[in-house]
Each structure stands twice: as C-alpha cells, then as structure tokens.
Amino acid sequence: MIVHGITPILNVSSIRASLEWFEGLGWRRCWTYNDSGMIEGARDVNEAGPANFAAVGSGAVEIFLCRDGQGSRGHMPREPGDEQTGGVWLSWWVGSPAEVDAAHARAVERGYVINWPPTDEPWGVRECRIVHPDGHTFRVSAAIRR
C-alpha cells in the first residue's frame, strides 16, 4: 500500500470560530457542509442552519473540521510548554525559519495561545507551537539550513 495523502479531522466546538481562527493564520476556507449538504460560498451558515463540517486549506494541504464529533478535543495549556492538553498535535511544515517567525507574529497579533515561542531545536528545525481554542496544538516548523 502507498498512501498519497492524509487529511486530519479535528473535533471542534464551533465551525465558525475555527474557520476564523485558521483564516487568522492565513489559511483559506475550502468548503462547508451541514445536514442539507454543501453550503454555497463556503459560508458558515445557511437557511438550513450552521455548518457542522468544513475544510480549511493552505497550499495543497487541507484539514477537516467536525463540530462535536470524529475524535476528541483537548483543553488549553495550563502553562507555557504544557504538552498534556489532550488535543490532537499536528506539524505544519513551512519553507523557512522566517515563515515560522511570521506565523508566530500573526498568532501573537491576534491574541492566540502560544505554547512555545520560535526556537531553534536540536533536531534541526525552528519551531513554535500555537494552540487552537479546542486544545489542538500546531507545531509550525521549518528546517534550519546549516
């Protein structure tokens, strides 16, 4: 078997809030869905009600968002560096250490929870950790050119 892609699915408490959170970091909304089907224009609500499933994308990468299902949510870190949030952890690979710093700056500007500031790690990456409101942790990483 050869896998050609993976699309993580995150359990979120609010599709609208999650879409806005990802958009704040430069992701785009791809589509939204509720019990009546796809919602035109990827809006977060239509006459049939709010979206309960959605996708956000960055480049060729997508993440699915499921309201109140498909996995579990965590909680916010108790202190900087707390790794026991109970949410899903994902690594976002960007093109350069400068992009890690830029993602961190956008997150700080928007008041997002930063669990680890941009750091040159001994395993050869620059990395920061940004936490989604439902406790999912994103390691924004780039290789350090030596």
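Select Arg 16 to begin: this residue is partly exposed, with a relative accessible area of 42%. Here, buried means under 20% relative accessible area, exposed over 50%, and partly exposed in between (1.4 Å probe, protein chains only). You're looking at a predicted model, where local features need pLDDT of at least 70, side-chain atom pairs count only at pLDDT 80 or more, and totals for chains, interfaces and linings use all residues. Numbering runs from 1 along each chain as its sequence is written, and side-chain values use heavy atoms, with hydrogens and water left out.

**Helix 1**

Arg 16 sits in helix 1, which covers residues 15-24. Helices (H or I, at least four residues) and strands (E, at least two) are DSSP runs, numbered from the N terminus. Show the neighbours of Arg 16: leaving out residues up to four places away in sequence, Arg 16 touches Asp 44 and Val 45, contact being heavy atoms within 4.5 Å. For a long view, draw a line from the C-alpha of Arg 16 to that of Trp 123; the two are 107 residues apart along the chain and separated by 36 Å.

Next, select Ser 14, which caps the N-terminal end of helix 1 with a side-chain oxygen 3.5 Å from the backbone nitrogen of Arg 16. Now colour the buried residues of this helix: Ile 15, Ser 18, Leu 19, Trp 21, Phe 22 and Gly 24. Just past the helix, Gly 26 has a positive phi of about 95°.

**The sheet**

Switch to cartoon and find the open sheet of five strands, ordered 1-7-6-2-3 with mixed pairing. Strand 1 and strand 3 (37-38) are at the edges, each with a single partner strand, so one side of each has no neighbour in the sheet. Follow strand 1 to strand 7 (residues 61-67): they pair in the parallel sense over four bridges, where pairing takes at least two bridges found by DSSP. To see one bridge, pick Asn 11, whose partner in strand 7 is Cys 66.

**Asn 34**

Is Asn 34 buried or exposed? Asn 34 counts as buried, at 1% relative accessibility. You'll find Asn 34 in strand 2 (residues 28-34). Turn on side chains here: a polar contact of 2.8 Å joins Asn 34 to Ser 36, and another of 2.8 Å joins Asn 34 to Asn 46. (A polar contact is a pair of N or O atoms within 3.5 Å; within protein, one must be able to donate a hydrogen and the other to accept it, and residues adjacent in sequence count only if both atoms are side-chain atoms.) Beyond four places in sequence, Asn 34 touches Ile 39, Asn 46, Ala 48, Gly 49, Pro 50, Ala 51 and Asn 52.

**Two loop stops**

Ala 42 lies in the loop between strand 3 and strand 4 (45-46). Check its backbone: phi is near 55°, a positive value in a residue other than glycine. Ala 42 is buried, with a relative accessible area of 10%.

Then jump to Gln 70, in the loop between strand 7 and strand 8 (89-93). Gln 70 also has phi near 55°, positive in a non-glycine residue, and is partly exposed at 46% relative accessible area.

**Last stop**

Finish at Met 1, in the segment before strand 1 (9-12). Met 1 is exposed, with a relative accessible area of 96%.
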